[in-house]
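Student: I have a structure in front of me and would like a close look at a single part of it. Please go slowly and connect that part to what lies around it.

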Amino acid sequence: MNWIDIGVNLTNKRFDNDREEVIKNALNAGVKQQIVTGTNLTESENAIQLCEQFPNVLFSTAGCHPHDAERFTEAHYSKLAELVKLSTVVAIGECGLDFNRNFSPANIQLDVFEQQLRLATKVSKPLFLHERDAFDQQLELLSIYRNKIIGGVVHCFTGSKEQLLAYLDLDLYIGITGWICDERRGQRLRDIIHLIPGNRLMIETDAPYLLPRDLWPKPKSNRNIPEYLPHIGRVIAHLRNVPVEQLSEQSYLNSTHFFGL
Ligand SMILES: [Zn+2]
C-alpha cells in the first residue's frame, strides 16, 4: 500500500538529529511522498532546501501561518511570490486564521490570509489551509475567492458536522490527522468521518505534533513521525467501514491529483 503524508513539519528542530532516518523509515512503511509544511518564510525556504535533497519524495508548501502573520512584511510577500513558482512547492500555506490564541492580532491575520488568497489566484497552486476558532471569517473569505483559486485542503480538520459540510460545499478537500485516533477528544470527528466523500479525503500526521493516542505498544517518545501515517489510515478505514487498501489507494490518488505530483 502507498501513502502520502500531506502535512509533516520536517523542518522542526525535533528532527534535527535523525531527519534522514525519519524520512527513510517512512518510505519503508509505505509513505512514498511527504508534503513538508512551510509555516513562515524561513521555514518555507528550509523546507524547499530539504525537498531538493529528496527529489520526488519530498515536496513542500510555502506560506505564512496565522501565528506568524504579525512578522509578514512586504518583502516577505515578494519573496513568497517567487517561492511558489518553484516546482517543489505544491501549495500555498499553511495559511488561514487562528483566533484560538491570537498570537498575531486578528486584523493582521485577516490581511495576511487575504494576501495569500490573492496570490493563489495568480499562480495555479492550491491552498493548504489552517483554521482554529475562526470558522465564520475563514469561510467568508474562502467563499469570496473560491471560484478564482484552483482548490484547497482544510488541513487537520477537527470541526463540526456543519463546518465539514460547508467546506465540502466549497468543494474543498479535507485533511485528517491522528486526532481521529483519540476516542475522547476525537469523538466528534469519528462520528462524522463517513460524511467525507472518498474523493475529498486526504491524510496527514502533522508530525512532530499530534502523536496518535492509540498506538500500541506506546512509543517511548511523544514525538509523532510520518511512519505512523498507515496507522491513521487503518483507523480511518475502520471507522468508514472500508478496506484499508481502498482507503490507501483513494487518498493516495486524491493527494497526487490535488498537489499535481
Ligand atoms: Zn495547522
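The part in question is the first strand, and the answer moves on from there to other places in the chain.

Student: How many residues of strand β1 are buried, and which strand do bridges join to β1?

Tutor: This is a predicted model, so what follows describes a prediction. Begin with strand β1, which covers residues 3-8. Six of its six residues are buried, and the strand is mostly covered. Strand β2, made of residues 31-36, is joined to β1 by four bridges, and the two strands run parallel. To find the pairing in the structure, look for Trp3, which stands opposite Val31 in β2. Between these strands comes helix α1, residues 19-28, and together β1, α1 and β2 make a β-α-β unit that is right-handed.

Within strand β1, consider Asp5. The side chain of Asp5 belongs to a buried residue, yet Asp5 has no salt bridge. Arg223 carries the nearest side chain of opposite charge, and that is 12 Å away. A salt bridge here requires the nitrogen and the carboxyl oxygen to be within 4 Å. Leaving out residues up to four places away in sequence, Asp5 touches a set of residues that includes Val31, Gln33, Gln34 and Ile35. Val31 is also the residue opposite Trp3. Further contacts of Asp5 include Ile203, Glu204, Thr205 and Asp206, as well as Pro226 and Leu229.

The helix of the unit offers a contrast to Asp5. In α1, Glu20 forms a salt bridge with Lys24, with 3.3 Å between the closest N and O atoms. Both residues lie in this helix, four residues apart, which is about one turn. Glu20 counts as partly exposed because its relative accessible area is 45%, and the cut-offs for that class are 20% and 50%. Lys24 is partly exposed as well, at 44% relative accessibility.

That pair belongs to a wider count: the model has 10 salt bridges. Another of them is between Asp68 and Arg71, where N and O are 2.9 Å apart. Asp68 is buried, since its relative accessibility is 14%. A further one joins Arg190 and Glu183, whose closest N and O atoms are 4.0 Å apart. Arg190 is buried, at 17% relative accessibility, whereas Glu183 is exposed, at 58%. Asp182, Arg185 and Arg213 are joined into one network by salt bridges that share partners. As a general point, side chains of opposite charge can pair when their charged atoms come close.

Charged side chains can also be found at the metal site. Glu94, through OE, His130, through ND1, and His155, through NE2, coordinate the zinc ion at 2.2 Å. Along the sequence these donor residues follow the spacing E-x35-H-x24-H. Glu94 sits in strand β4 (residues 89-98) and His130 in strand β5 (residues 127-132), so this pair, 36 residues apart, links distant parts of the chain. Glu94 is buried, because its relative accessible area is 4%. His130 counts as buried too, at 13% relative accessibility.

The backbone has a few unusual places that are worth finding. Most residues other than glycine have a negative phi, and most peptide bonds are trans. The bond from Ala207 to Pro208 is cis, with omega near 10 degrees. Pro208 has its place in the loop between β8 (201-203) and α8 (229-240). Trp216 and Pro217 are also joined by a cis peptide bond, with omega about 0 degrees, and Pro217 is found in the loop between β8 and α8. Leu210 lies in the loop between β8 and α8 too; although Leu210 is not a glycine, its phi is positive, at about 55 degrees.

A further positive phi belongs to Asn102, at about 45 degrees, and Asn102 is not a glycine either. Asn102 is found in the loop between β4 and α4 (106-122). Asn102 counts as partly exposed, with 37% relative accessibility.

To return to the starting point, Asp5 in β1 is buried without a salt bridge, while Glu20 in α1 has Lys24 as a salt-bridge partner.

Key
Residues numbered from 1 in each chain as written. Predicted model: local features only at pLDDT ≥ 70, side-chain atom pairs only at ≥ 80, totals over all residues. Heavy atoms only, no water. Buried < 20%, exposed > 50% of the residue type's maximum accessible area, 1.4 Å probe, protein only. Pairing = 2+ DSSP bridges. Right-handed = clockwise from strand over helix to strand, strands pointing away. Donors = N, O, S within 2.8 Å, 3.2 Å for Na, K, Ca; no water. Lys, Arg positive; Asp, Glu negative; His and termini not counted. Contact = heavy atoms within 4.5 Å.
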